[in-house]
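Welcome to this tour. Please open your viewer, keep the selection tool at hand, and follow along stop by stop.

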Amino acid sequence: MANVLVCVKRVPGTSGEILLTPDAMSVDAKYVGYMLSPHEECAVELAIQIAGDSGGEATVLSLGSDDSIEQMRDALAVGCKSGVLIEADSSAYGPADVAGAIADVVKAHEAAGKTYDLVLLGNDAADSGDFQVGIRLAYELDRPVAVGISTISLDGDTAVANGQGPGGVTETFELPLPSVVTVLEGGVEPRYPSIPGRMKAKKAPIETVEPQREPIGNGRVKLSLPPAAPSVVETLGKGADAAPAIVETFVKLGVLR
């Protein structure tokens, strides 16, 4: 039996144009709403699969305001059994702060008799791009860690984690439990909440805790957006005189042979 803790973050939607707040310190969600990042959706799916296959339970955790419960309910609707909200202003928390707060919850639950064999996180946050939390958490808990993992299975007291290495070669890591793993999207297809699942999620227990440490912040100077891809327009000709150039273009694109 393996109990799994999966950590998620409420982030702005990434399907549309990305805008920054006026101070360039965070992504502006005014027009796009909030979601779980794709990495974390896959982490939730793996947590549910691993817990279900081993007869354990998956628990979802998030750090933020009570608005984060909306995203936690998504995880509860697809198979997580309970949730933990670390109620705090996430904008004041850097990667070290988040890792420390999660570690405190894990240790408190262990002291109360509930252990987590595996802690899963998204490989990085969709809003800030921090890649540090999983590694820092592993150091806090003194556990082995693997990052950028696509699929995980358990073999007794060992987690077998597969990820893609340089050149696209699949790499396999064996980690003794308990351990920490960060998940990269693409290895599994996340399930999405059904109406019965959402109704059940409303009744699932969510524990609210206060952080035990004062945050030191993230030290971020500002975020920046990559320059927009240049747009090039080529005029092939006018009227019937453009026909040969159009045919040649279609041949280059593979539309015609």
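Is R143 buried or exposed? With a relative accessible area of 9%, R143 is buried, since buried means under 20% relative accessible area. Please keep in mind as you look around that this is a predicted model.

**Stop 1: around R143**

Stay with R143 and add E110 to your selection. The two form a salt bridge, with their closest N and O atoms 2.7 Å apart. This pair links distant parts of the chain: R143 belongs to the loop between α4 (133–141) and β7 (145–155), E110 belongs to helix α3, and their positions lie 33 residues apart in sequence. E110 itself is partly exposed, because its relative accessible area is 33%.

**Stop 2: more salt bridges**

How many salt bridges does the structure hold? There are 7 salt bridges. Select E45 and R191 to see one of them, where the closest N and O atoms are 2.7 Å apart. E45 sits in helix α1 (residues 38–54) and R191 in the loop between β10 (179–183) and α5 (195–201), so this pair ties together parts that are 146 residues apart in sequence. Now colour the two by accessibility: E45 is buried at 5% relative accessible area, while R191 is partly exposed at 40%.

Next, pick R213 and D104. Here the closest N and O atoms of the salt bridge are 2.9 Å apart. R213 is in the loop between β11 (206–209) and α6, and D104 is in helix α3 (residues 95–111), so the pair ties together parts that are 109 residues apart in sequence. R213 is partly exposed, with a relative accessible area of 35%. Add E140 to the selection as well: D104, E140 and R213 are linked in a network of salt bridges.

**Stop 3: strand β1 and its partners**

Switch to a cartoon view and select residues 4–8, which make up strand β1. How many of the residues of β1 are buried? The count is 5 of 5, so the strand is mostly covered. Show the side chains: V4, V6 and V8 point one way, L5 and C7 point the other way, and all are buried.

Which strands does β1 run parallel to? One is β4, joined to β1 by 5 bridges; you can find V8 standing opposite S62 there. Another is β6 (residues 118–122), joined to β1 by 4 bridges, and in that strand V119 stands opposite L5.

While you are in β4, click on V60, which has its place in this strand. V60 counts as buried because its relative accessibility is 0%. Then draw a distance to S82: the two C-alpha atoms are 6.5 Å apart in space, although V60 and S82 are 22 residues apart in sequence.

**Stop 4: out to the surface**

Turn on the surface and select D66, D67, E87 and E210, which gather in a patch of negative charge. D67 lies in the loop between β4 (58–64) and α2 (69–77), and counts as partly exposed because its relative accessibility is 43%.

For the last selection, choose L236, I246, V247, F250, V251, L253, V255 and L256. Together they make a nonpolar surface patch of about 670 Å². Click on V255, in the segment after α6 (243–253). V255 counts as exposed, because its relative accessibility is 57%.

Conventions
Residues numbered from 1 in each chain as written. Predicted model: local features only at pLDDT ≥ 70, side-chain atom pairs only at ≥ 80, totals over all residues. Heavy atoms only, no water. Patch = residues over 30% accessible without salt bridge, like charges linked within 9 Å, V, L, I, M, F, W, Y side chains within 5 Å. Areas by Shrake-Rupley, 256 points an atom, 1.4 Å probe, with all protein chains shown as cover. Salt bridge = Lys/Arg side-chain N within 4 Å of Asp/Glu carboxyl O. Helix = DSSP H or I, 4+ residues; strand = E, 2+ residues; numbered from the N terminus. Buried < 20%, exposed > 50% of the residue type's maximum accessible area, 1.4 Å probe, protein only. Lys, Arg positive; Asp, Glu negative; His and termini not counted. Charge placed at Lys NZ, Arg CZ, Asp CG, Glu CD. Pairing = 2+ DSSP bridges.
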